[in-house]
Amino acid sequence: MKVLVIVPAFNEEEGLVRVAEQFHGINDVDVVIINDCSKDTTSDVGRRLGFNVIDLPCNLGIGGAVQTGYKYAYENGYDIAIQVDGDGQHNPAYIKDLILPIKEGRADLVIGSRYLKKEGFQSTLLRRIGINYFSYLIYLLQKKRITDPTSGFRACNRRVIELFSTRYPNDYPEPESIVYLLRNNYKTEEVPVVMNERFGGESSINSFKSIYYMIKVTLAIVIDNMRKIGLT
Amino acid sequence: MITIQLQIILLITSIITFMVIINLIRKYNLELKYSLLWLFFCFVNVLLAAFSNLAIMIANLLSIKEPVNAIFLLSFIFQFFLIFSLTLTISRISNKFTQLVQEVGLLKKEVEKIKNTQSVER
């Protein structure tokens, strides 16, 4: 099975070094860095570390960057695509756990969750409240318990790669894309992972944006839930 | 004073606008990001229509005699914000568009170069 790791990176020159260290010794996957028009040397650093780098000519935001990766995976015939953040938060050692349910045909999308075993970096209290809220909202609408809906550490199969390369939410895409898949009767599963605190760079969500984030994602989830089954 | 007719008209139009916008997003015709401001103003309009005290309060605050005029003023400010956000978005898009076209131009040149060297090799 051809496996592609998609690493969206925006100003992550320090994070990428960390990611490269973590990928040391993992040889059965291809890695592609999507450089979302970084203002620092992300592109050069990525190339020097021996990664495949796609440079976007203008900044698209996380959704557009990740979707570029899915398009690349689709066009190059990959069977499985895995999203890994460019800041070293996600340990690639868990990739085989993420892939397993897909290989066994049990799931279309596998989410790496911090909250199944509650080990490692658990994020700040306010964020946990927000994440719990989205988890509850998704359960309310789709009757499916997702403990870590904002996790950017996810794997998906060819069917989902195809779907995501035609449509993927723009900003703050993770929770919305889960509802999008559940609405269309795709199977999701969570596996426990341990996440690190981020190394270098900035999170895409700061305190000023958090209220906007909550409102926007809530609306996105509720509206997506109103869409018809099969509308992609 | 705000007449009950005005209240009803305001309420109905904002609710219809709200529903139309949600429906357009639902059909993937509108991008949620750019509709948020509209939805917010619809929401404020509904509040203004439902609670006439609110308009009277704002009118008093700004020393405007008629609450209706306060509503007009607010609508004017709303329009200003909406148009300004459009200008902002257009500016961003035009910047990105320039970058994109330049990138395509450069790529075309690159491809041409590769093609030329290939034909020379043959």
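**Exercise 1. Around helix α7(A)**

Work out what phi Asn185(A) takes just after α7(A), then see how buried that helix is.

*Solution.* Start at the end of the helix: just after α7(A), the phi of Asn185(A) is positive, about 65°. A word on what you're looking at: this is a predicted model, where local features need pLDDT of at least 70 and side-chain atom pairs count only at pLDDT 80 or more, while totals for chains, interfaces and linings use all residues. Residues are numbered from 1 along each chain as its sequence is written, with chains lettered from A and ligands numbered from 1 in the order in which they are written. Helices (H or I, at least four residues) and strands (E, at least two) are DSSP runs, numbered from the N terminus.

Next, count. A residue is buried if 20 or more other C-beta atoms lie within 10 Å of its own, exposed if 12 or fewer, and partly exposed in between, with C-beta atoms placed from the backbone. Ten of the eleven residues of α7(A) pass as buried, so the rest of the structure largely encloses this helix. Among them are Pro173(A), Glu174(A), Ile178(A) and Leu182(A).

Finally, find the neighbours. The buried residues of α7(A) pack against α3 (61–75), β5, α5 (125–142), α6, β7 (188–192) and α8 (207–226) of chain A.

**Exercise 2. Two positive phi values**

Decide whether Tyr172(A) is buried or exposed, and do likewise for Ser63(B).

*Solution.* Take Tyr172(A) to begin with. Not a glycine, Tyr172(A) still has a positive phi of about 50°. As background, most residues other than glycine have a negative phi. Tyr172(A) sits in the loop between α6 (158–166) and α7 (173–183) of chain A. Because 22 other C-beta atoms lie within 10 Å, Tyr172(A) is buried.

Now Ser63(B). Its phi is also positive, near 50°, and its place is the loop between α3 (52–61) and α4 (67–121) of chain B. Ser63(B) has 6 other C-beta atoms within 10 Å, so this one is exposed.

**Exercise 3. Strand β4(A) and its partners**

Trace which strands pair with β4(A), and in which sense.

*Solution.* The pairing rule is that DSSP finds at least two bridges between two strands. On one count, strand β1 (residues 3–9) of chain A runs parallel to β4(A), with four bridges joining them; Val3(A) stands opposite Ile80(A) there. On the other, β4(A) pairs with strand β6 (residues 154–157) of chain A in the antiparallel sense, again over four bridges, and Ile82(A) faces Ala155(A) in β6(A).

Then check the side chains. From β4(A) (residues 80–83), Ile80(A) and Ile82(A) point one way, Ala81(A) and Gln83(A) the other, and all are buried.

**Exercise 4. A crossover and a core**

Determine the hand of the β-α-β crossover from β2(A) to β3(A), then identify the best-connected residues of the largest nonpolar core.

*Solution.* Begin with the strands: β2 (residues 30–35) and β3 (residues 52–55) of chain A run parallel, joined by four bridges. Val32(A) has Asn52(A) as its bridge partner in β3(A). The chain gets from β2(A) to β3(A) through helix α2 (residues 42–48) of chain A, and the crossover is right-handed (with the strands pointing away from the viewer, the path from the first strand over the helix to the second runs clockwise).

On to the core, meaning a set of buried Ala, Val, Leu, Ile, Met, Phe, Trp, Tyr and Cys residues joined through C-beta atoms within 7 Å. The largest has 63 residues, and Ile6(A), Val7(A), Ile33(A), Ala81(A) and Ile82(A) have the most contacts inside it. Apart from it lies another core, of seven residues, including Ile2(B) and Leu48(B).

**Exercise 5. The long run of α4(B)**

Compare the span of α4(B) with the expected one, and say how many of its residues are buried.

*Solution.* From first C-alpha to last, the 55 residues of α4(B) reach 81 Å, close to the 81 Å expected at 1.5 Å a residue (1.5 Å times one less than the number of residues). Coverage is sparse: three of the 55 residues are buried, namely Pro67(B), Ala70(B) and Ile71(B). What covers them includes α2 (32–50) and α3 of chain B.

Conventions
Two residues are in contact if their C-beta atoms, placed from the backbone, lie within 7 Å.
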